[in-house]
Amino acid sequence: MKRAVGRVALYATVLIAAALVAMPMYWLLVSALKPSTEIFTATPRWLPGRIEWRNFRDAWEGAAFGRYFINSIGVTAAILLLQLVTSNLAAFALARRRFAGRGFVLFAVIGALIIPIQVTFLANFITLQHFGWLDSYAALIAPFATSAFGTFLLRQAFLAVPDAIEDAARLDRCTGLAFLWHFLLPLSRPTVVAFVLVALVAHWNDYFWPLIVTNRDEIRTLPIGLAMFVSQEVTTDWNLLMAATLFVAGPVLVVFFLTQRYFIRSHVNTGLKR
Amino acid sequence: MKELASTNSAAMRVRAWLLPYLCVLPALGALALWNYYPLAFLMDLSLYRLSASSPAPSWIGLANYRRLFESPLFWQVLSNTAIYTGLAVPLSVGLGLALAVALDQRLKGARLLRTLFYTPVVMPTVAGATIALWIFNTDYGLANYLLGLVGLPPIGWLTDSGYALWTLIAVGVWKTFGYFMLVYLAALQSLPQSVLEAARLDGARPWDRFWSITWPLLRPTTWFAIVIALILSFQAFDFVNIMTQGGPSNATNLLVFYVYQNGFQYFQLGFAAAIAVIMFVLVYGLSGLISLWYSR
């Protein structure tokens, strides 16, 4: 009897939490599909009376969303590419080579993990000003040229590759960077994918840094575009705002739903290492 | 022929010796320029007056810090941040733990629920903020409608200085608890099953089993989760900037927003740097204390 009560309490807690999480997302979707006349009603409608697909077209044309979209894709892709190159190279040296100063480099990587951008942004802003890079794609990309998190994650994966494989590869004259490319990367694929996904979500969603360094509409990314759209439109067309929100959240959510097992893996690798 | 081979192998040795340095150079250079140099630069900057009105920096010693400590707004911001952190950290970590334990019981639909709870984590903060602005809209928002259903008067969720900070905390927890749920789930699944099984056979009740076995075993995970939650909560900015701009009457002005406000709205870079230094010291002082307490 007691056990049954516990079971019911457990289910109830989980269901309440599920409702609190799902409800805002449901409301986002429903509001995006409603015609304006159904937005400001005394009693909210749980289902749209009719589906207003035009909301998406109107929202898309309400701000330079096409441009923001292209900027977001370009900036995120450039950051990922740079991080993959720099982090893989560093992780390779840290995991597979002995050299004077290795401990120092590893310490520097782990230390950088805990320096958040919210502390460094003032100084980085002034650095970019000196470079004359403010308000350019370079300002959006350069500060994220490497990832301490990625370097650390990849190093752990590369460490797990047995030395015997490297010895065998050496006999086939596959050494150095060729070994990294032909053996380490394919063998560590799940970790590489997990890193790419975590970085993709972080930089696609990033609002803080683009807010600091962009002033021109032509180089703004989606999150900034949406925030500007909201501040112009607020108190008016919530259905258009919700439609625009879907432009920003949609792609990243689709990627997440398709690849969740890799996300979970990224936690197993970071959260459990103790 | 022999000579050629030996110079060849000497060149190869040099290349092999050089390779690791060339490999770490790009990453190390980027970390030095964008992570470490700014820390030093920030501390230096905090000793200068550098603002739109006096663009030539002048050294003023600790005057920025003195001004900061004498400013009532700074203490209000600090108290807001303390309330935010003091609630957001235990709520998001606690909720994450509770749901992880629940989903670990082979509950029906556990996989689907895990996905659902993690969705806010990957959702852009701007998207979450826009939805929250709509739901907590005073006149037409869903939240006030639901209050009305149970006979309560509407609340100015974001416009009343008595409620705005609580609303931001709720939205912040909504966004982050899924991360801690996944961290705990991963930890729970790696616990030694034999110990739990032995306790079950001894007839220990679920509640006792949890407190006397699972909870102590999760100690390192809890430490990790609390430190991460602490760092995350000190970084809270996006929701503040989009939803309240620190208002009404600074009720939701948190540390990062305060730095941003002074640096990029009032253009007092030296003063803003002093706040950022204090923030850094606070976050890592607290994390250090927690770590010390945990490693007793």
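This tour goes through the two chains one selection at a time.

The model is predicted: local features need pLDDT of at least 70, side-chain atom pairs count only at pLDDT 80 or more, and totals for chains, interfaces and linings use all residues. Residues are numbered from 1 along each chain as its sequence is written, and chains are lettered from A and ligands numbered from 1 in the order in which they are written.

**Stop 1: chain A**

Select chain A and colour it by secondary structure. It has 13 helices and zero strands; helices (H or I, at least four residues) and strands (E, at least two) are DSSP runs, numbered from the N terminus. Along the sequence, the pattern of chain A reads α-α-α-α-α-α-α-α-α-α-α-α-α.

Turn the chain along its principal axes: the C-alpha atoms of chain A fill a box of roughly 75 × 70 × 35 Å. Chain A has a radius of gyration of 24 Å, where a compact globule of 274 residues would have one near 19 Å. This radius is taken over C-alpha atoms, and the globule rule is 2.2 Å times the number of residues to the power 0.38.

Of the 274 residues of chain A, 40% count as buried. A residue is buried if 20 or more other C-beta atoms lie within 10 Å of its own, exposed if 12 or fewer, and partly exposed in between, with C-beta atoms placed from the backbone. Among contacts in chain A between residues at least 6 apart in sequence, 75% join residues at least 24 apart. Two residues are in contact if their C-beta atoms, placed from the backbone, lie within 7 Å.

**Stop 2: the domains of chain A**

Now select residues 2-52 of chain A, which are domain 1, and then 63-271, which are domain 2. These bounds come from an automatic or database domain assignment. The centres of domain 1 and domain 2 of chain A, taken over C-alpha atoms, are 33 Å apart. Seven residues from domain 1 of chain A and seven residues from domain 2 of chain A make up their contact. On the side of domain 1 of chain A that touches domain 2 of chain A, three residues are nonpolar, two polar and two charged. Here Ala, Val, Leu, Ile, Met, Phe, Trp, Tyr, Cys and Pro count as nonpolar, Asp, Glu, Lys and Arg as charged, and the others, Gly among them, as polar.

**Stop 3: Gly176(A)**

Zoom to Gly176(A), in helix 9 (residues 176-187) of chain A. Gly176(A) counts as partly exposed because it has 17 C-beta neighbours inside 10 Å. Add Ala93(A) to the selection: the two residues are 83 residues apart along the chain, and their C-alpha atoms are separated by 9.3 Å.

**Stop 4: where the chains meet**

Show both chains. The contact takes 67 residues from chain A and 68 residues from chain B. Helix 13 (residues 238-271) of chain A supplies 14 residues, the largest share of the side of chain A that touches chain B. That side of chain A divides into 49 nonpolar, 16 polar and two charged residues.

**Stop 5: chain B**

Hide chain A. Chain B has 13 helices and two strands. Its C-alpha atoms fill a box of roughly 95 × 70 × 40 Å along the principal axes. The radius of gyration of chain B is 26 Å, whereas a compact globule of 296 residues would have one near 19 Å. Buried residues make up 42% of the 296 residues in chain B.

Select 2-45 for domain 1 of chain B and 63-294 for domain 2 of chain B. Their centres, taken over C-alpha atoms, are separated by 40 Å.

**Stop 6: Leu158(B)**

Go to the loop between helix 6 (142-149) and helix 7 of chain B, where Leu158(B) is found. Leu158(B) counts as buried because it has 22 C-beta neighbours inside 10 Å. Leaving aside neighbours within four places in sequence, Leu158(B) is in contact with Phe136(B), Ala164(B), Thr167(B), Met243(B) and Thr244(B). The C-alpha atoms of Leu158(B) and Phe136(B) are separated by 7.0 Å.

**Stop 7: the core and helix 13 of chain B**

The largest nonpolar core has 160 residues, and Phe180(B), Val259(B) and Ala276(B) have the most contacts inside it. Such a core is a set of buried Ala, Val, Leu, Ile, Met, Phe, Trp, Tyr and Cys residues joined through C-beta atoms within 7 Å. Helix 7 (residues 164-189) of chain B gives the most to this core, with 16 residues.

Bring chain A back and select Val259(B). Not counting residues up to four places away in sequence, Val259(B) touches Leu122(A), Ala272(B), Ile275(B), Ala276(B) and Met279(B).

Finish on helix 13 of chain B, where the buried residues include Ala272(B), Ile275(B), Ala276(B) and Met279(B).
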